[in-house]
Amino acid sequence: MNDLTAESIRRALPGWVPEVRFLPETGSTNRVAMEWAAEGAAHGSLVVADYQTAGRGRLERTWLAPAGSSVLASVVLRPSMEPGQRGLLALAAAVALCRCLEELEVPASVKWPNDVLLGDRKVAGMLSEAAGGVVVLGVGVNVKQQEFPEEIAATATSLEQFTGRRFGRLPVLEGLVRHLARLVDGPVEQIVPSYRPWCGTLGRRVRVDVGSGPLEDLAAGIDPAGALVLAGGRTILAGDLVQLR
Ligand code: BTN
């Protein structure tokens with residue numbers, strides 16, 4: 001059943017979203033949202049696609065999802081926070097998705113900075129891109145996939161594959177946007193405290209590339225800017241890490 005249509009999205013979403021563009025197929029919803037923002041799209045404007053031909057991931061990766069399988073959405077934000085705090089918005093998106101999944105009785109956690117995991121497998125990713133005063137926050141949630149390309153088959157999952165239950169994409173999109181709206185328009189100082197309880201990286205040993213090579217240490221904390229603080233005292237501002245057993 002395809003529960004994601006322009007009309008169903010408009011009906012389900014909170015008043016926070018001023019306008020929705022639903023695209024059966026596009027290159028990247030982040031790119032469309034960026035272009036829309038340049039034309040003046042208001043805070044909260046939302047782009048949703050059924051299929052992306054050039055989905056973008058973090059660290060110059062691609063984001064692949066079969067048509068109709070996922071929530072693929074980008075929201076235009078015009079945040080009032082300082083430019084240096086805007087990186088917190090992707091953490092807020094991860095928290096929003098975890099809260100939404102909790103309502104759907106799916107226990108999720110966040111691998112720093114903003115991969116959402118079920119068990120040790122990635123179910124969703126966030127890509128935040130900024131231009132001028134605008135931040136476009138893109139979220140990809142695997143909902144219906146039963147299998148994945150070989151390269152990610154051992155590390156990815158979907159809501160349906162992991163739980164063995166059926167999920168509509170609309171409740172996931174609705175819950176995500178509802179929780180995101182509260183976090184984005186709430187006090188910025190509350191984003192990191194709301195993030196910490198979901199962050200499964202904390203208290204685990206991690207391997208992270210620090211430029212000079214890989215470093216292994218215990219993940220000890222998240223600082224107010226959203227950076228990962230290691231037990232040895234190093235602060236990791238961005239990047240990709242492996243959570244060790
Ligand atoms: C990651 O690498 O973990 C981030 C993935 C972000 C993918 C989403 S899908 C919707 C939006 N449009 C894009 O091109 N990317 C993001």
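User: Which pocket is the space taken by the ligand?

Analyst: In this predicted model, the space taken by the ligand is the largest pocket. Two things are then worth reading in turn, namely the residues around the ligand and the elements that supply them. The shell holds 20 residues, and the closest are Ser-28, Thr-29, Arg-56, Arg-58 and Lys-122.

User: Which elements give two or more residues to the shell around the ligand, and which gives the most?

Analyst: The elements that pass that mark are the helix α2 (29–38) and the strands β3 (70–77), β6 (121–131) and β7 (134–142). Of the contributors, β6 gives the most, with 4 residues.

User: How do the residues of the shell divide into nonpolar, polar and charged?

Analyst: The division is 6 nonpolar, 10 polar and 4 charged residues.

User: Which atoms of the ligand are paired with Ser-28, Asn-30 and Arg-56, and at what distances?

Analyst: A polar contact is read here as a pair of N or O atoms within 3.5 Å. In the side chain of Ser-28, an N or O atom is 2.7 Å from an oxygen atom of the ligand. The backbone takes part as well: a polar backbone atom of Arg-56 lies 2.7 Å from a nitrogen atom of the ligand, and a backbone N or O atom of Asn-30 is 3.5 Å from a ligand nitrogen atom. As for cover, the ligand on its own has 410 Å² of accessible area, of which the protein covers 98%.

User: Away from the ligand, in what order do the strands of the open sheet run, and which are the edge strands?

Analyst: The open sheet is formed by 5 strands in the order β11-β10-β9-β8-β12, with antiparallel pairing. Its edge strands, each pairing on one side only, are β11 (235–236) and β12 (241–243). To follow one pairing in detail, take β10 (residues 228–230), which pairs with β11 in the antiparallel sense over 2 bridges; Leu-228 stands opposite Ile-236 in β11.

User: What should I look for in the backbone of the loops, and where are Pro-113 and Glu-60 placed?

Analyst: The general idea is that most residues other than glycine have a negative phi, and most peptide bonds are trans. Here the peptide bond from Trp-112 to Pro-113 is cis, with omega near 0°, and Pro-113 is placed in the loop between β4 (109–111) and β5 (115–118). Glu-60, although it is not a glycine, has a positive phi of about 65°, and this residue lies in the loop between β2 (46–49) and β3.

Key: Residues numbered from 1 in each chain as written. Predicted model: local features only at pLDDT ≥ 70, side-chain atom pairs only at ≥ 80, totals over all residues. Heavy atoms only, no water. Near = heavy atom within 4 Å. Polar contact = N/O pair within 3.5 Å; in protein donor to acceptor, adjacent residues only side chain to side chain. Areas by Shrake-Rupley, 256 points an atom, 1.4 Å probe, with all protein chains shown as cover. 1 Å grid on protein atoms, 1.4 Å probe; cavity = no way out; pocket = protein on both sides within 12 Å on 5 of 7 lines; lining within 4 Å. Sits in = over half its atoms within 2 Å of the grid points. Nonpolar A, V, L, I, M, F, W, Y, C, P; charged D, E, K, R; others polar. Pairing = 2+ DSSP bridges.
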